Amino acid sequence: MRLALLFFVFIQIFQPALAQSSGGYQTAAAEATLIDVDSGATLFEKNADRLFAPASMSKIMTLAVIFKKLKAGEITMDTEFPVSLYAWRNGGAPSRTTSMFIPLNQTAKVSDLIQGIAVQNANDACIAVAEGISGTEDAFAKLMTEEARALGLQKSTFGNSTGLPHPGNQMTARELAALSIHVIKTYPEWYPFFGQKEFKYRTFNFKNHNPLQATAIAADGLKPGFTEGVGYSIAASAVRDGRRLVLVMNGLESERDRREEAQKMLNWGFVNFKPYKVFDKDEVVGDVRVWGGQKWTLPVKAKEDVVVLLPVNAKDQRIRAQIAYQGPVKPPLKEGDPVGEVRITSEAGTSNSAPLYAAADLEAGGIIAKGVDSLLLGVNAYVSQAVTKYLKKPHTQPVNTAVPAVTPKS
């Protein structure tokens, strides 16, 4: 198979073209996204950037913060945190929410608290951890939001550690998926807690709340959720034939709808797509404009294969690539310095992106080169603004570049 590739460069980063559906696939979910983890390709999305209350799915961030503290050695699995009156009332037995029923004023080990959160959705465990790490749940919620920003999640905010109703709890399907992938890739030694089938604590035997665990999909994570007035939701991940997918969906009317819609979308993703390589590792993808350099342009490359997922029966598919960067690029630059990213979209509605790096060293030019560049870029900016105002849309600049055949990924 050979795919035609249309190639453009953005002089300034604009909002990327994003898939709103794939191959006519539909879902009853109000918000959804489906990601192939290895390639990073988006197979499906619907209102993926719209904020909603994540309910217990926000516990993925609670656990991400705990895992980060464990990895940094700031706490251990044997560290013990007490259950305060606040934690007991708001997350324990009196709260009438999911709880691991830790007795008031007693302590629990981090290892048990993690299992309580991952398996039982235990709110008392969340608050105990929050208070143990940050002193108060409010302070821990701020830490969760700070961690979101550190991970590049620009919209997500957190008002508490549990996901219980709070105006500060807001996430998007895209950012929930990105957070889920971060946990899977960054903490492989602790991610299996999400797939643990049961957790025995004191006299209790808690069963995992994940509704997909006992289905044919056999998801090994992450979290279901429910919010009154919003509906049923889930962040899920499963592996088949070595491929891992992450799914997030929200706004379903019943537990049955959530289970069936999630199974259907995951199965659709596994059955109907396969990866195709667009660019090889270290292959020059294109050139970006330079200001004040010894050359006017700089070649850029990806450090890994750039892959897009397409329908298994794809034929004569056309895909489009865009180089997005804050431009013009200013020297000096060394080979390997980050420059921007390449964004791939297909006619099938799938999309992907990959970071781009300088493919060569670039030294600064002299005063004359900078002056000429400033003049040319000033004229270009004036013309661009005039054209953009006339057309009322961002401009793109075609680039003449050799485009390789797109082949199935080996």
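This is a short walk through one helix, two charged residues and a pocket. Keep in mind that the model is predicted.

Let's start with helix α6, which covers residues 173–186. A quick check on its length works out nicely: at 1.5 Å a residue, its 14 residues should span 20 Å, and the end C-alpha atoms are indeed 20 Å apart, so the two values agree. Now look at what surrounds α6. The helix is mostly covered, with 10 of its 14 residues buried. Among them are Leu176, Leu179, Ile181 and Val183, but also Ser180 and His182. What do these buried residues pack against? Their partners are the helices α1 (59–71) and α5 (137–150), together with the strands β2 (31–36), β8, β9 (231–240) and β10 (243–252).

One buried residue of α6 deserves a closer look, and that is Glu175. Why does Glu175 count as buried? Its relative accessibility is 9%, and the cut-off for buried is under 20%. If you set aside the neighbours within four places in sequence, Glu175 touches a run of residues from elsewhere in the chain: Leu153, Gln154, Lys155 and Ser156. With Lys155 there is a polar pairing too, since a polar atom of the Glu175 side chain sits 3.0 Å from the backbone nitrogen of Lys155. Just before that run you'll find Gly152; Gly152 and Glu175 are 23 residues apart in sequence, yet their C-alpha atoms are 8.7 Å apart in space.

Next, hop over to strand β16 (residues 338–346), where you'll find Arg343. Arg343 has a relative accessible area of 12%, so this residue is buried as well. Its side chain makes a polar contact with the side chain of Glu341, at 2.4 Å. Try finding Val308 from here: Val308 is 35 residues from Arg343 in sequence, while the C-alpha atoms of the two are 10.0 Å apart.

Finally, let's turn to empty space. Rolling a probe the size of a water molecule over the atoms reveals where such space is left. The second largest pocket has a volume of about 370 Å³. Its lining is made up of 20 residues, and those nearest the centre are Ala55, Ser56, Thr98, Gly225 and Phe226. Which element gives the most to this lining? That would be β8, with four residues. You've met β8 already, as one of the elements that the buried residues of α6 pack against. Helix α7 (255–272) also supplies at least two residues. As for the character of the lining, 10 residues are polar, six are nonpolar and four are charged.

Conventions. Residues numbered from 1 in each chain as written. Predicted model: local features only at pLDDT ≥ 70, side-chain atom pairs only at ≥ 80, totals over all residues. Heavy atoms only, no water. 1 Å grid on protein atoms, 1.4 Å probe; cavity = no way out; pocket = protein on both sides within 12 Å on 5 of 7 lines; lining within 4 Å. Points joined across faces, edges and corners; volume = space filled by probe spheres on them. Nonpolar A, V, L, I, M, F, W, Y, C, P; charged D, E, K, R; others polar. Buried < 20%, exposed > 50% of the residue type's maximum accessible area, 1.4 Å probe, protein only. Contact = heavy atoms within 4.5 Å. Polar contact = N/O pair within 3.5 Å; in protein donor to acceptor, adjacent residues only side chain to side chain. Expected span 1.5 Å × (residues − 1).
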